[in-house]
Amino acid sequence: MDPEAGLGSLTVNGQVLTFDTQPVTPPELASFYASAGWHVLPPESFRRALSGTYFSLSARAPGGRLVGYGRVVSDGGIHAWIHDLIVLPEFQGRGLGSRLLTGLIERIRNSGIPYIGLFAAKGRAGFYQKFGFAPRPDNGPGMFLYFQPD
Ligand SMILES: CC(C)(COP(=O)(O)OP(=O)(O)OC[C@H]1O[C@@H](n2cnc3c(N)ncnc32)[C@H](O)[C@@H]1OP(=O)(O)O)[C@@H](O)C(=O)NCCC(=O)NCCS
């Protein structure tokens, strides 16, 4: 167990949140997708995604409720991708997303991985720009191909 993940604690809404690097469960990740209004994939997709995750950071309220989360997918040497950074709506705007993102970036840097990528959700680019992320140029955009699950 990594009780604090080196991030100390953060008091939000009168609750002392603690951080850890333990994997969340597939239902926890599914409920976080739902909280963000994202498409909830089949349970097996979440199970496989979590087993292939490089590392993650979780923020939990007293009693263990997951209130913030972010994870990294990586080849371990060159590229790391930040995914699924989500703070529950009632805990947003109090610095929790910043604490999680800073922790993810620091751990990637400490691993010696030089490239950190992410896809900003609609309206979130400004949040990431505060931490030094920059959009790719219009003539060299990031691209992806998405297959809607059955
Ligand atoms: C994006 C998200 C993780 C930010 O977490 P948060 O805990 O609300 O963020 P913080 O309180 O740490 O905010 C840090 C700073 O970013 C700013 N910020 C937050 N969201 C922003 C946005 N969408 N655009 C611009 N700035 C933003 C805050 O105002 C704050 O600025 P300050 O330091 O000058 O006060 C959170 O809003 C969230 O979970 N959203 C739903 C899921 C989602 O879209 N995740 C992103 C996937 S790419």
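## A friendly note on the sheet, the ligand shell and a few residues

1. Strands S3 (residues 55-60) and S4 (residues 66-74) are a good place to begin: the two pair in the antiparallel sense over six bridges. One position to look for is Leu57, which stands opposite Gly70 in S4. S3 and S4 form a hairpin, with five residues between them. In its turn you will find Gly63, whose phi is positive, at about 100 degrees. Please keep in mind as you read on that this is a predicted model.

2. Now follow the chain from S4 into S5. Which way do these two strands run relative to each other, parallel or antiparallel? S4 and S5 run antiparallel, and six bridges join them. Two facing positions help you to trace the pairing: Tyr69 has Ile86 in S5 as its bridge partner, and Gly68 stands opposite Val87 in S5. S4 and S5 also make a hairpin, with four residues between the strands. Here Gly76 takes a positive phi, near 85 degrees.

3. The partnership of S5 with S6 is of the parallel sense, over three bridges. To find it on the screen, look for Trp81, whose bridge partner in S6 is Gly117.

4. At the other end of the strand order, S1 meets strand S2 (residues 15-20). These two run antiparallel and are joined by four bridges. Val12 is a handy marker, with Gln15 in S2 as its bridge partner.

5. Let us put the strands together. How many strands form the open sheet, and in what order? There are six, in the order S1-S2-S3-S4-S5-S6, and the pairing is mixed. Strand S1 (9-12) and strand S6 (115-117) are the edge strands, each pairing on one side only. From one strand to the next, the twist averages 20 degrees. As you look along the strands, it helps to know that in a regular strand the side chains alternate between the two faces of the sheet.

6. Next, the chain from end to end. It holds four helices and six strands. Starting at the N terminus, the elements run β-β-α-α-β-β-β-α-β-α. You can tick them off one by one while moving along the sequence.

7. What about overall dimensions? The C-alpha trace spans about 45 × 35 × 30 Å along its principal axes. A compact globule of 150 residues would have a radius of gyration near 15 Å, and the chain agrees, because its own value is 15 Å. Of the 150 residues, 19% count as buried. Contacts tell another part of the story: of those with a separation of 6 or more, 51% are between residues 24 or more positions apart.

8. The ligand deserves a slow look. Its surroundings comprise 18 residues, and the closest are Gln92, Gly97, Ser98, Gly126 and Phe127. Which elements each supply at least two residues of this shell? They are strand S5 (79-87), helix H3 (96-110) and helix H4 (125-129). Sorted by class, the shell has eight nonpolar, seven polar and three charged residues.

9. Two residues other than glycine have a positive phi and are worth checking by eye. For Asn13, phi is near 55 degrees, and the residue lies in the loop between S1 and S2. Is Asn13 buried or exposed? Asn13 counts as exposed, because just 10 other C-beta atoms lie within 10 Å, and the cut-off for exposed is 12 or fewer. Asp84 has a phi near 60 degrees, and its place is in strand S5. With 19 other C-beta atoms within 10 Å, Asp84 is partly exposed, since a buried residue needs 20 or more.

10. Finally, visit Ala30 in helix H1 (residues 26-35). Ala30 has 19 C-beta neighbours inside 10 Å and therefore counts as partly exposed. Leaving aside residues up to four places away in sequence, Ala30 touches Val40, Pro43 and Phe46. How far is Ala30 from Gly117 in space, C-alpha to C-alpha? The two are 23 Å apart, with a separation of 87 residues in sequence. Gly117 is the residue you met above as the partner of Trp81.

Conventions. Residues numbered from 1 in each chain as written. Predicted model: local features only at pLDDT ≥ 70, side-chain atom pairs only at ≥ 80, totals over all residues. Near = placed C-beta within 6 Å. Nonpolar A, V, L, I, M, F, W, Y, C, P; charged D, E, K, R; others polar. Pairing = 2+ DSSP bridges. Axes fitted to C-alpha atoms, helices over the stretch in contact; angles between N-to-C directions. Rg over C-alpha atoms; globule rule 2.2 N^0.38 Å. Contact = placed C-beta atoms within 7 Å.
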